[in-house]
Amino acid sequence: MYLDKREGATMKIVQERPFNYEFTCRSCKSQLIAEAEDVLVGYFGANYGGDRPERLYYVTCSVCGTDKTLEDGKVPPKVRAMADLKEEKR
Ligand SMILES: [Zn+2]
């Protein structure tokens with residue numbers, strides 16, 4: 001757990017990079033920008049012949065409701081943590 005190393009850190013944050021994920025909805029072609037609170041986590045792929053569903057972070061198009069999954073590398077740890085928390089509350 002590399003996050004543990006941050007306990008007691010005194011480093012100043014000059015600018016925290018906000019999470020903005022710009023994407024084009026594959027269904028309605030709307031261009032959208034998702035923010036940290038828009039990211040959710042869910043299970044995908046079970047209906048495409050996969051043996052078990054893959055747990056993926058995703059955002060939902062606010063125009064047509066189509067889900068857009070995010071590559072893990074595009075989701076910062078903090079945003080993942082927020083999405084994980086929402087999953088537990090369900
Ligand atoms: Zn859409």
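This short talk walks through the fold, the sheet, the core and a few residues of the model shown above.

Before anything else, I should say that this is a predicted model, in which local features need pLDDT of at least 70, side-chain atom pairs count only at pLDDT 80 or more, and totals for chains, interfaces and linings use all residues. Residues are numbered from 1 along each chain as its sequence is written.

On confidence, where pLDDT is the predictor's confidence in each residue, from 0 to 100, the protein averages 86, and 82% of the residues score at least 70. Among the elements, strand β2 (residues 31–35) has the highest mean pLDDT, at 96, while helix α1 (residues 77–89) has the lowest, at 89.

Turning to the overall fold, the protein has one helix and five strands, where helices (H or I, at least four residues) and strands (E, at least two) are DSSP runs, numbered from the N terminus. Along the sequence these elements follow the pattern β-β-β-β-β-α. If we take two residues to be in contact when their C-beta atoms, placed from the backbone, lie within 7 Å, then residues 24 or more positions apart account for 47% of the contacts with a separation of 6 or more.

Which strands make up the open sheet of three strands? The order is β3-β4-β5, with antiparallel pairing, and two strands are said to pair if DSSP finds at least two bridges between them. Because β3 and β5 stand at the edges, each with a single partner strand, one side of each is left without a neighbour in the sheet. From one strand to the next, the twist averages 55°, with axes being lines fitted to C-alpha atoms, for helices over the stretch in contact, and angles running from 0 to 180 degrees between N-to-C directions.

Looking at the individual pairings, strand β3 (residues 40–44) and strand β4 (residues 54–60) run antiparallel over five bridges, and Tyr43 stands opposite Arg55 in β4. Strand β4 is in turn joined by four bridges to strand β5 (residues 67–70), again in the antiparallel sense, with Thr60 opposite Asp67 in β5. The hairpin of β4 and β5 has six residues between the strands, and in it Gly65 takes a positive phi near 85°.

As for burial, a residue is buried if 20 or more other C-beta atoms lie within 10 Å of its own, exposed if 12 or fewer, and partly exposed in between, with C-beta atoms placed from the backbone; by that criterion 7% of the 90 residues count as buried. The largest nonpolar core, meaning a set of buried Ala, Val, Leu, Ile, Met, Phe, Trp, Tyr and Cys residues joined through C-beta atoms within 7 Å, consists of six residues, namely Ala34, Val39, Val59, Val75, Val79 and Ala83. Leaving out residues up to four places away in sequence, Val39 touches Ala34, Tyr57, Val59, Val75, Val79, Met82 and Ala83.

Val39 also serves as a reference point for Lys68, 29 residues apart from it along the chain, with their C-alpha atoms separated by 9.9 Å. Lys68 is found in strand β5, and it counts as partly exposed because it has 16 C-beta neighbours inside 10 Å. Beyond four places in sequence, Lys68 touches Phe23, Cys25, Tyr58, Val59 and Cys61.

Finally, is Thr24, in strand β1 (residues 20–24), buried or exposed? With 12 C-beta neighbours inside 10 Å, Thr24 counts as exposed. Its contacts, leaving aside neighbours within four places in sequence, are with Lys29 and Gln31, while Thr24 and Cys61, 37 residues apart in sequence, are 8.9 Å apart from C-alpha to C-alpha.
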